Amino acid sequence: MKHFLQPLFVNIAVIYSLTYIGNTIAPFLMNRKMTLKAKLLYGGIAGVCALLCMAYPIETLRDSFFDLRNVPIVVVTLYAGWLPGAICTIVVSVARLLLGGQFAVIGVVLALVAYIIGAAYKGFFSGDKKKWRAAIVLGAVYTIIYMMIIHYEMDFLPGDFYLVYFICFHVSFFSTILLIERLAAINMRLEETAYLDKLSVVGQMAAAIAHEVRNPLTTVRGLIQFLAKDTEDKKLEEFAPLILDELDRTNKIITDYLTLVKPGKPNLKNLNLNVLIHDTLSLLRPYGYLHNTAILFKETGENEQIVADEQHVKQCLINIIKNAIESTEGKEGLITIYKHSISKDSITLAIEDNGKGMSEQELQQIGLPFYTTKTKGTGLGTMIISRLIRDIGGSVRYESRPEKGTKALLSLPLKSS
């Protein structure tokens, strides 16, 4: 048994080490679209991890090579998708054929089985918030198939090998998933902390200037209205509306700042999501018609009840849909709203447009202070959305491609049954 345990423990250490290295190079972040560069990177790291596992096999079972090379294949396929999984599988298969021996083809078959099962269960795994439940099903299926193949092809394997090998396999598989989930959670908290620090900077600036600037603005606006009311000055009569519009825009910017500083304590209550969306769209459809943009809500038969602040959710929906309308400028716009996914405790609403979209770099900047893709924007709208949604226990993320449009995914807490 000692001959089995020693190399397998080395394999487990290799898998843990490469997982940490992968997180250092490209931090694990869930619920975020993975770039091609990240997929290739994860595929390469998983391939290196598998090769290092193959460098320390169990050497006492004739010319077979048993190790934990298939753990990286399954894990990278589950988390990163078919391309990184395929890269890792190809690396493992080529290496095993180069090693040769009577059971080289069996080694390749087992690697392919690991990849196929990982790819087949990816949707089930990604959609389950409690990853251990999906992992148990996947691990059980793979173990059964693996045992059937080696039992049929390698009748010389002792009974204690099965016990030790599959215990080590499952320990490494489940603990690697747990490790990735923990690292991803830590990364999200670090991002959250950095984001809140940026909000704090904006808040301090807002607190310092908002009230001081707003009072003279109100006075100036009143004087402009008074002077323009009965004036015979053609220039003043012509430019007074423009001056008032700019003063109103300046006042709105200050209001946005104050919303960031003190948005108010949310008044949480049970709300009918369909009714809430219809009420919001009744306000925005005239604005959409003005910009040649249609707004379509694909309503389902379900009447989901969310727990949220009505004004918070409405303001977020208004900001997101207004941004979507403005992104379709210059073309016949279409905004589609639908329920993207539903879990036990939350519902995700998708707001998808056919506008100009954003590049990967722009997408990473969305929500940061003062960042905007609009010529007359302040970048505060998306920050306000994030702040208000976080206050009610929800979240917002974006998916986009240039000239293909943008999809905002708004997750809201459901009423507990």
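Let's start with strands E2 and E4: E2 is joined to strand E4, residues 333–342, by five bridges, and the two run parallel. One place to find that pairing on your screens is Thr-293, which sits opposite Gly-333 in E4. Please keep in mind that we are looking at a predicted model.

Now, what is the strand order of the open sheet? Reading across, it goes E2-E4-E5-E7-E6, five strands with mixed pairing. At the edges stand strand E2, 293–297, and strand E6, 395–401; each has a single partner strand, so one side of each has no neighbour in the sheet. From one strand to the next, the twist averages 20°.

Which elements does helix H9 touch when it packs on the sheet? H9, residues 273–290, touches E2, E4, strand E5 (346–353) and strand E7 (405–413). The direction of H9 makes about 170° with that of E2. Helix H10 packs on the sheet too, touching E2, E4, E5, E6 and E7, and its direction makes about 25° with that of E5.

Let me stay with E2 for a moment. In a regular strand, side chains alternate between the two faces of the sheet. E2 has a covered face made of Thr-293, Ile-295 and Phe-297, while Ala-294 and Leu-296 are on the uncovered one.

On to the charged residues. How many salt bridges does a search of the whole structure find? The search gives eight, and I'd like to walk you through three of them.

The first one on my list is Arg-69 with Asp-67, where the closest N and O atoms are 2.7 Å apart. Are these two residues buried or exposed? Arg-69 is buried, because its relative accessible area is 5%, and Asp-67 counts as buried as well, at 4% relative accessibility.

Next on my list is Lys-269 with Glu-310, whose closest N and O atoms are 3.9 Å apart. This pair links distant parts of the chain: Lys-269 is in strand E1, residues 269–272, and Glu-310 is in helix H10, residues 310–327, with their positions 41 residues apart in the numbering. Lys-269 counts as partly exposed at 39% relative accessibility, and Glu-310 is partly exposed too, with a relative accessible area of 23%.

My last example is Glu-326 with Lys-322, with the closest N and O atoms 2.8 Å apart. Why are these two separated by about one helical turn? Because they are four residues apart in helix H10. Glu-326 counts as buried at 19% relative accessibility; the cut-off for buried is under 20%. Lys-322, at 30%, counts as partly exposed. There is also a network in which salt bridges with shared partners join Lys-269, Glu-310 and Lys-314.

Let's move to the aromatic rings. The count comes to 14 aromatic pairs. Take Phe-161 and Tyr-162: their ring centres are 5.7 Å apart and their planes are at 70°, so this pair is edge-to-face. Both Phe-161 and Tyr-162 are buried.

Tyr-162 also pairs with Phe-166, and is that pair stacked or edge-to-face? It is stacked, at 6.4 Å centre to centre with 15° between the planes. Tyr-162 and Phe-166 are separated by about one helical turn, because they are four residues apart in helix H7, residues 159–229. Tyr-162 counts as buried at 14% relative accessibility, and Phe-166 counts as buried at 7%. Ring pairs link these residues into a cluster whose members include Phe-66, Tyr-142, Tyr-146, Phe-161, Tyr-162 and Phe-166.

That brings me to the nonpolar cores. Which residues touch the most other members of the largest core? Of its 64 residues, they are Phe-66, Ile-150, Leu-157, Phe-161 and Phe-173. Several helices each supply at least two residues of this core, among them H1 (2–25), H2 (36–54) and H7. H7 gives the largest share, 13 residues. Leu-157 touches Leu-61, Phe-66, Ile-150 and Tyr-162, leaving aside residues up to four places away in sequence.

Apart from that core lies another one, of 35 residues, including Val-313, Ile-335, Leu-410 and Leu-414.

That's my tour, and thanks for listening!

Definitions and conventions
Residues numbered from 1 in each chain as written. Predicted model: local features only at pLDDT ≥ 70, side-chain atom pairs only at ≥ 80, totals over all residues. Heavy atoms only, no water. Salt bridge = Lys/Arg side-chain N within 4 Å of Asp/Glu carboxyl O. Buried < 20%, exposed > 50% of the residue type's maximum accessible area, 1.4 Å probe, protein only. Phe/Tyr/Trp six-rings, centres within 6.5 Å; stacked < 30°, edge-to-face > 60°. Pairing = 2+ DSSP bridges. Axes fitted to C-alpha atoms, helices over the stretch in contact; angles between N-to-C directions. Contact = heavy atoms within 4.5 Å. Core = buried A, V, L, I, M, F, W, Y, C linked by side-chain atoms within 4.5 Å.
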